[in-house]
Amino acid sequence: MTVKVPQSKARSRRDGSAIPLDEADKRLMNLLQSSFPLDPEPFAPIAAAAGLELEDALARTRRLLEGRIIREITPIFDTRALGYDSMLVAAKVDAEHPQRAAAAVNAHPGVSHNYLRTHDFNLWFTIAVPPDSGLGMEGTLEALMRETDAESMRQLPTLTLFKINMNLEMEKGTEALAAAVDAAPPRELERQPYGEQEIETIRALQGPMEAVERPYDAAAAALGIATEELLERLRRMVERKLLRRVAAILFHRRAGFSANGMGVWKVPEEEISETGRRMASFRGISHCYQRPTYPDWPYSVFTMAHGRSKQECDAILDSIAEQCGIGPDDRATLYSSTEYKKIRLHYFTDDYRRWEEEHS
């Protein structure tokens, strides 16, 4: 079986601005992000919920994919539940030539996000290493320290995951993004049991799915099983937290969300659990985590805000500060100035082993 390997796409100028979307597009995109079902014909209930004919929903989805507004429709597997060691890393690299360090970081297949941000710690990336890694996370970061000539790297693993839901609100405005909704309880991060059947299922399905009436059929055929059997496997994987959901992932800027701000907060240890839950409840927050602190990094809770402008991100984070009673000296916002890499991770591929052989 051919294993698809994700490729990083450099952001060009044409990717930086939004294109016009009508209300039906926005309604459809909200549904594709949040309600893509494990059904042999998933576009039929989505079309019905959007008030569209099936062929119109499919045609619009294809146009949004071809126009690089939707990045891909894909399964979203849980990295930690699969036993991959992952974390956020903040690095101090040469501020005059950060692209050299960024290229070295991007070469690792487990780096899914890599941004230049407005701080002394200027290169921020997320990285994962597989369960059978020979170098492990420590050895991998040591190799990247050498490759990047970084002055410092701060390991910022997730201690508590309060929210991860990259679901952009396409229909409503700033007021909705800055409002709190019901907060889900913190997710568990422990590795879950799985075997060869789950691995072969992930290998067959991971990556972009086609916008066709029966998008699961291709993976089922590759596995030599009926589509309903594939879907039943996926339902069991959802129950066991290996699979979060299937969803559309958007190109933020093309979809109109031109700004993302990482809000970081000094929260007393005894208040982190309650405050983290409250911060996670805001609609405009996609990610909310507790992470470790250091003498030169005192912020314990991280929130990612996405908005149509810097002002909208600021409004979301200011609303959090007000409702959680956090003053200006106990918070900071880091904006991304360059996106060096953004991909969906692929699992159980040979490129991790090849990277380690080259860098050990």
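**Close-up A. What helix 10 packs against in this predicted model.** The buried residues of helix 10 make contact with four strands and a helix: strand 6 (160–164), strand 8 (259–265), strand 9 (285–290), strand 10 (301–307) and helix 11 (310–324). If you want to pick those residues out, helix 10 covers residues 272–280, and its buried members are Ile272, Thr275, Gly276, Met279 and Ala280. Look down the axis of helix 10 and these buried residues fall within an arc of 135°, so they line one face of the helix. The spacing fits a general rule: an α-helix has 3.6 residues a turn, so residues three or four places apart point the same way.

**Close-up B. Helix 5 and its neighbours.** Here the buried set is Met137, Gly139, Thr140, Leu141, Ala143, Leu144 and Thr148. Those residues pack against strand 2 (85–92), helix 4 (98–106), strand 4 (123–129), strand 5 (152–156) and helix 12 (351–359). How far apart are the end C-alpha atoms of helix 5? They sit 18 Å apart, which agrees with the 18 Å that 13 residues (136–148) should span at 1.5 Å a residue. Step just past the end of helix 5 and you land on Asp149, which takes a positive phi of about 55°.

**Close-up C. Met137 and the residues it touches.** Zooming in on one residue of helix 5, we get to Met137. Is Met137 buried or exposed? Its relative accessibility is 6%, so Met137 counts as buried. Leaving aside residues up to four places away in sequence, Met137 touches Asp85, Ser86, Met87, Ile127 and Val129. Take Ser86 from that list: Met137 and Ser86 are 51 residues apart along the chain, yet their C-alpha atoms are separated by 7.8 Å.

**Close-up D. A salt bridge between Arg60 and Asp22.** The closest N and O atoms of this pair are 3.0 Å apart. The pair links distant parts of the chain, with Arg60 in helix 3 (residues 54–66) and Asp22 in the segment before helix 1 (23–34), 38 residues away. Arg60 has a relative accessible area of 15%, which means it counts as buried. Asp22, at 35%, is partly exposed.

**Close-up E. Asp314 and Lys310, a salt bridge in helix 11.** The N to O distance between these two side chains is 3.0 Å. Why are Asp314 and Lys310 separated by about one helical turn? Because they are four residues apart in helix 11. Both ends of the bridge are partly exposed: Asp314 has a relative accessible area of 21%, and Lys310 has 42%. Elsewhere, salt bridges that share partners join Asp22, Asp25, Asp56, Arg60 and Arg63 into one network.

**Close-up F. The side chains of Asp217 and Arg214.** This view shows another salt bridge, with 2.7 Å from N to O. Asp217 is partly exposed, with a relative accessible area of 26%, and Arg214 also counts as partly exposed, at 35%. As a general point, side chains of opposite charge can pair when their charged atoms come close. Across the model, the salt-bridge count comes to 19.

Key. Residues are numbered from 1 along each chain as its sequence is written. This is a predicted model: local features need pLDDT of at least 70, side-chain atom pairs count only at pLDDT 80 or more; totals for chains, interfaces and linings use all residues. Side-chain values use heavy atoms; hydrogens and water are left out. Helices (H or I, at least four residues) and strands (E, at least two) are DSSP runs, numbered from the N terminus. The expected span of a helix is 1.5 Å times one less than its number of residues. Buried means under 20% relative accessible area, exposed over 50%, partly exposed in between (1.4 Å probe, protein chains only). Contact means heavy atoms within 4.5 Å. The arc is that of the directions from the helix axis to the C-beta atoms. A salt bridge is a side-chain nitrogen of Lys or Arg within 4 Å of a carboxyl oxygen of Asp or Glu.
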